[in-house]
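Subject: Structure for your files

Hello,

Here is the structure I said I would pass on. Please look it over first; my notes on what was found follow below it.

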Amino acid sequence: MRTEGAQTLGARRSFPEDAMSRLLIVDDEPEYLDELVEALAFGGIESTSVRSAAAAIDAVRNDPEIAIVLTDLRMPDMDGVSLITHLKKTFPARNLAFVVMTGHAAEADMASAMAAGAVRCFPKPLAFDALQTTIEKLEGAPA
Amino acid sequence: MNKPKESRMARLINPVTLLFAALVLLVGGLPLASAVTLYTLYSQTQRHEAEAGAHRTATLLLESFEQTIGPIDSLLRNFASNYNSTWNADQTYNALKEYSLPPTIVQFAVADKTGMMVASNLAPPQGDKVDLSDREHIQVHMKKNVGQGDLFISKPILGRVSKNWTIQLTHALPDAEGNFAGVVIMSYAISDFIDFYKRLRVDEDMLVSLVGLDGVVRARAGEKTSFGDDISKSETFQKAMLKKESAYEFNSPIDGIARIAYSIRSDRYPILVVVGYSVNYVRAKTAAFRNAIWGTALGLAVALLIVGLLTVRYFGTLKRLETQEMEARARQREASVLEAISRVPGVSVMHLTEEGPSEIGVSAEGPLPAALENYLGTESFKALAGKLTEPVVRQAHLPNADRDLEVEMVVVPLRAMEAASGAAQKEVVVFAVDQTLRRMEEQKLYQISKLASLGEVATGLAHEINQPLGVIRLAASNALIGMKKGMGPAHLALKLDRIIQQTVRMTGIIDHMRIFGRKSDERVQPCKPSDAVEGAMQVVGAHFRLDNIGVDTRYESGLPEVICRQNQLEQVLINLMQNARDAIQEKRKRQPDLRGHIQVDAEVDRTGAGHFVKIKVSDNAGGIPPEVLDRIFQPFFTTKPPGKGTGLGLSVSFGIIREHGGDIKVENGPEGAIFTIRLPASDARSGTAVATTTPSAVPSVLPAA
């Protein structure tokens, strides 16, 4: 629980030197990312955010601190399931945890995300408390 | 309008006409030909008969002449043998008087060897002596041109003593030693011959002629009686002299008349008999026959013709009766067929004549017959029916009390079966099918398809709506926390602004969904093609962006508006774009890095008269397999995996565009499929179409529902 970081809104800037951030959020909607990062920050969770799957792969490569990836399923360049598969394959040693959120809530999509290795799927609009709890649990877990 | 003329020609050259023409030729030709033959034969016969007649007459005449001259000749011989050269005049006179003479002998006389007349039976010798030595009939004996004992027949001369025209028959008189001692002369009145000849003549121009071998006519009975003419130079005479007897045609050197003649030369006397019939006379006789035979031939021809005509008419009547019977039977059969058709629900069959429409068979239930009857009675329809040469399919909206009837009808012109009874009369049979129900079915199908595509876009729309909703919820929650933490009004304002902005975004989506979900109204109105494309983009654009498919639109400047129901056009465009997207995603399974691209172009159709607007939707998914290309607009045809497509999208699209008076086509371009919609531009029509005539060949890809 690192509530002290909640005061700063700078967490959403994805600077690699921000080593405190272990959570990476991937979504193509800027306003949504904005509010999500702020809401998590209010809950004491520092996070880094990117707007595409390609940027997410870059961020994971550059920031060894990242342990949790929260990703949207539908994105223009690559869907969330593919991103999970790709990251797991590219960084097998990182032991990354994946959480998925989707605006479609299609059973098939969520099933394939779980199969790909997601810890949990959250339909949008998010049940924020449950999300926060899940993230905190994962944050507490050893990397 | 070539066909009636051709058929009229064909009607003229049918076997019956040919037969009739042959009959006329036969009927006219046979009698005429036989008439010509008969006439020719007859005129030949006539000539032969004329010739034979001339021959016969000439022979008879010669015989008669010889029999007339014979006794005179023997009398002269007898006198000559009794003659004594020592006789004085009185003795001679007495000797002459001893002979009884026929009345044709005008004078019987003796001349001495100097040509001086010794005595004549007419009067006892007186002192004065007549000198005859200059006369030919004396001279021939004096010069011994005639054999001793031969008869000389002189040219006609006027007797110096008898004062009559006579021919002189003379013999030489010998003395005791047989020497020339004088001439005994018998003057024969040629009037006797001529009267006889005249009686022989059967017509004006017939010729009977006695000619001396010296070429001088002794007696001649033609149109005019004549004698003494010298024809020795004429060719005809010279020819006649060559043979004892001959037939010939000649122009008389005396009266110039052409004759068919026969001449015979006497064996005993230096004389030639010629008998000739005028060619004109022979012809005239032939002419009578010719007239008779032509008359007969003509009469025969006319009679045969009448018989032929009657026969043809009889057969014609027979055939017409037969045809009428067959037609009556055919009509009966047709009537049963039509009646059977009329029993089909929603179908009405009308027979339209000059008198107006009448329903055939069982009256269809409902308002269709009455409405159809009204419509067929209008002048505009009658005008159309009058011009019809082949069946056409027409669609019409018939006004009716509750709601207009949409009717599809086949108008079939009937060939006037009895063409004779007035070709101008036009009859048509109209098969009308009430399409109102079908249209309602189509509307339902359209709604189903709309629901189906609504379902397809629903997923995307949920995402679209969820997105701002998610932002709003987080922003509101963050604002609340910020207030609790005392972050101040600036933070709050920022959050509220964001919330408002997101609700505006949602309103746009929801507004469009309302248009899309509305039941389609029946009215068409001008709308900009770009509006429809943008409307469609609003529904699927965000969705496509997520699927990483770029959509580019291009509008020609100054594009006219199109006549359409905008929401229906949008549905068609959405459908085409979704198909393009599905195709792109399908291709991505084989080519994951494919950059999906859809191009929408709207432009004026320049292939026609510029009254159409084209909207093209092309993708880069590689195109449609050629084997399914022509089935693609069929209902329930789909290439998508089960559960993915309904197979209704394109068929409904086809129906919608066709209803708008346009068409939709598909082809494969270099990159992928190209769907082209053509719609009438708003300046092409003055209002909504009430009746559109479509070719009877309707594409087989019509929605079958």
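Of the 143 residues in chain A, 42% count as buried. Please keep in mind that this is a predicted model. Chain A holds five helices and five strands, and from the N terminus on its elements follow the order β-α-β-α-β-α-β-α-β-α. Among contacts in chain A with a separation of 6 or more, 63% are between residues 24 or more positions apart.

One backbone detail in chain A is Asn95(A), where phi is near 55°, a positive value in a residue other than glycine. Asn95(A) sits in the loop between α3 (80-90) and β4 (97-102) of chain A. Its environment is open by the neighbour count: 11 other C-beta atoms lie within 10 Å, so Asn95(A) is exposed.

Chain B has a residue of this kind as well. Asn548(B) is not a glycine, yet its phi is positive, at about 60°. The residue is in the loop between α12 and β19 (549-555) of chain B. Asn548(B) counts as partly exposed because it has 18 C-beta neighbours inside 10 Å, where 20 or more would make a residue buried and 12 or fewer exposed.

On the contact between the chains: 18 residues come from chain B and 18 residues from chain A. On the chain B side, the elements that give two or more residues are α10 (436-484) and α12 (529-546). Of the elements on that side, α10(B) gives the most, with 14 residues. By class, the side of chain B that touches chain A has seven nonpolar, eight polar and three charged residues.

Two further items concern chain B.

The first is Leu169(B), which lies in strand β5 (residues 165-174). Leu169(B) has 23 C-beta neighbours inside 10 Å and therefore counts as buried. Beyond its neighbours within four places in sequence, Leu169(B) is in contact with Ile69(B), Ile72(B), Leu76(B), Leu151(B), Ile153(B), Met186(B) and Tyr188(B). The C-alpha atoms of Leu169(B) and Ile105(B) are 9.9 Å apart, with the two positions 64 residues apart along the chain.

The second is helix α13 (residues 566-588) of chain B. Does its length, taken end to end, agree or disagree with the expected span? At 1.5 Å a residue, the 23 residues should span 33 Å, and the end C-alpha atoms are 32 Å apart, which agrees. The helix is mostly covered, as 18 of the 23 residues of α13(B) are buried.

Regards

Note on methods: Residues numbered from 1 in each chain as written. Chains lettered and ligands numbered in written order. Predicted model: local features only at pLDDT ≥ 70, side-chain atom pairs only at ≥ 80, totals over all residues. Helix = DSSP H or I, 4+ residues; strand = E, 2+ residues; numbered from the N terminus. Expected span 1.5 Å × (residues − 1). Contact = placed C-beta atoms within 7 Å. Nonpolar A, V, L, I, M, F, W, Y, C, P; charged D, E, K, R; others polar.
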